[in-house]
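Work through the exercises below with the model open. Each task is followed by a stepwise solution.

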Amino acid sequence: MISVEDAVKHFPLARRGLRRREHVRSVDGVSAHVAPGEVLGLVGESGSGKSTLARIILGLVRPTSGRVRVDGLDTTCLTGPGRRQLARTAQLVFQDPHAAMDPRMTLGESLTAVLAQHRIGTREERAATVSSALEEVGLDGTYLDKVPGECSGGQLQRAVIARALLLAPKVLICDEPTSALDASVQARILNLLRRLRREHQLTMVMISHDLRVVRVMAERVAVMYLGQIVETAARDDLFTGARHPYTLALLDAATPRRVTGEPDTGAVEPPSPINPPAGCRFHPRCPLAADQCRTVMPPLVEIEPGHEVRCHRWREVPVSVQV
């Protein structure tokens, strides 16, 4: 359903005097595939390139190089008709529901505008479709006339999800959909997404810096660091047998665990994506870094069926024990 082949996105910075123009290497050679009906979790720290990759998939950002296909449609350089076709295939659930909705429009008006933009149905049919969509996410008819400022974060995120589903997409990309919500509300939104995914047979990409969210939602997990995928595996394999030191640092931050002989790799700030380190990009923070790690970029290699890791010394990574 989603195919990403060696995607690269470098954002140019303003030139300063006669200095060479610098670039932010937001996505730097990412390849990934998502099967129909699968939920892929995409995790990593802020600035790792997760959101940029999502926008490349949706055609909102044109990649510097590489190719992306969604349900067979090349999203890298779409025209008007192609963008409308992609919008009917893939939709995005934003991180901040308050920023995702026009504060001057009622929820009913915001959702109806989507159907009008795609010339779907008559005025009466659009009103009925919008009411049904809100009911499906747990909002009754009174919310049609409410503006975003009258809604809580959880209610507004439900409306954002309803709007994303109006065009009956096959793919739903959720970019930190619960990070702006309270813990109790997060659980309800995740349960809603799980139900909608099952009922609509959706293919999903769940983006988060929180592995606890991914553990609830995803079947397979890809870990990003400084614009690259450093490990990918089935969810349970990743949580019980991660082989990249960065993945272990994320797991330590998210779950109670004991790791034999593993120092805290998350205590050092990550390098700048403008000038990433040579060799393995994680080596300045890695307790296992050797001379090879500092000079040679490790490839993403399959160490077990479905389990890939970008690390020269993955065999020496200590085995974790869940407690």
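**Exercise 1: Helices on the sheet**

Task: State which strands helix α7 lies across, and how it runs relative to β8.

Solution. Keep in mind that this is a predicted model. Step one: find helix α7, residues 183-200. Step two: list the strands beneath the helix. Helix α7 lies across β3, β7 and β8 (203-208). Step three: take the angle. Helix α7 runs at about 160 degrees to β8. Step four: turn to helix α6, residues 153-165. Helix α6 lies across β6 and β7 (171-175), at about 170 degrees to β6.

**Exercise 2: Strand order**

Task: Give the order of the eight strands in the open sheet, then name the edge strands.

Solution. Step one: read across the sheet. The order is β6-β7-β8-β3-β9-β10-β13-β12, and the pairing is mixed. Step two: look for strands that pair on one side only. These edge strands are β6 (90-93) and β12 (301-304). Step three: add the twist, which averages 20 degrees from one strand to the next.

**Exercise 3: One strand pair**

Task: Determine in which sense β3 and β9 pair, parallel or antiparallel.

Solution. Step one: recall the two options. Strands of a sheet pair through backbone hydrogen bonds, either parallel or antiparallel. Step two: inspect β3 (residues 39-43) and β9 (residues 220-225). They pair in the parallel sense, over four bridges. Step three: fix the register. Glycine 41 stands opposite valine 221 in β9.

**Exercise 4: Burial in two helices**

Task: Explain why the buried residues of α2 line one face of the helix.

Solution. Step one: list the buried residues of α2 (residues 80-89), which are Gly82, Leu86, Ala87 and Thr89. Step two: look down the axis of α2. The buried residues fall within an arc of 160 degrees, so they line one face. Step three: find their partners. The buried residues of α2 pack against α1 (50-57), β4 (65-70), β5 (73-74), β6 and β7. Step four: consider α1. Six of its eight residues are buried, so α1 is largely enclosed by the rest of the structure. They are Lys50, Thr52, Leu53, Ala54, Ile56 and Ile57. Step five: leave the helix. Glycine 59 follows α1 and has a positive phi, near 75 degrees.

**Exercise 5: Arginine 195**

Task: Place arginine 195 and find what it touches.

Solution. Step one: arginine 195 sits in helix α7. Step two: arginine 195 has a relative accessible area of 26%, so it is partly exposed. Step three: beyond four places in sequence, arginine 195 touches Glu136 and Val137. Step four: arginine 195 and valine 137 are 58 residues apart in sequence, and 9.8 Å apart in space, C-alpha to C-alpha.

Key:
Residues are numbered from 1 along each chain as its sequence is written. This is a predicted model: local features need pLDDT of at least 70, side-chain atom pairs count only at pLDDT 80 or more; totals for chains, interfaces and linings use all residues. Side-chain values use heavy atoms; hydrogens and water are left out. Two strands pair if DSSP finds at least two bridges between them. Axes are lines fitted to C-alpha atoms, for helices over the stretch in contact, and angles run from 0 to 180 degrees between N-to-C directions. Contact means heavy atoms within 4.5 Å. Buried means under 20% relative accessible area, exposed over 50%, partly exposed in between (1.4 Å probe, protein chains only). The arc is that of the directions from the helix axis to the C-beta atoms.
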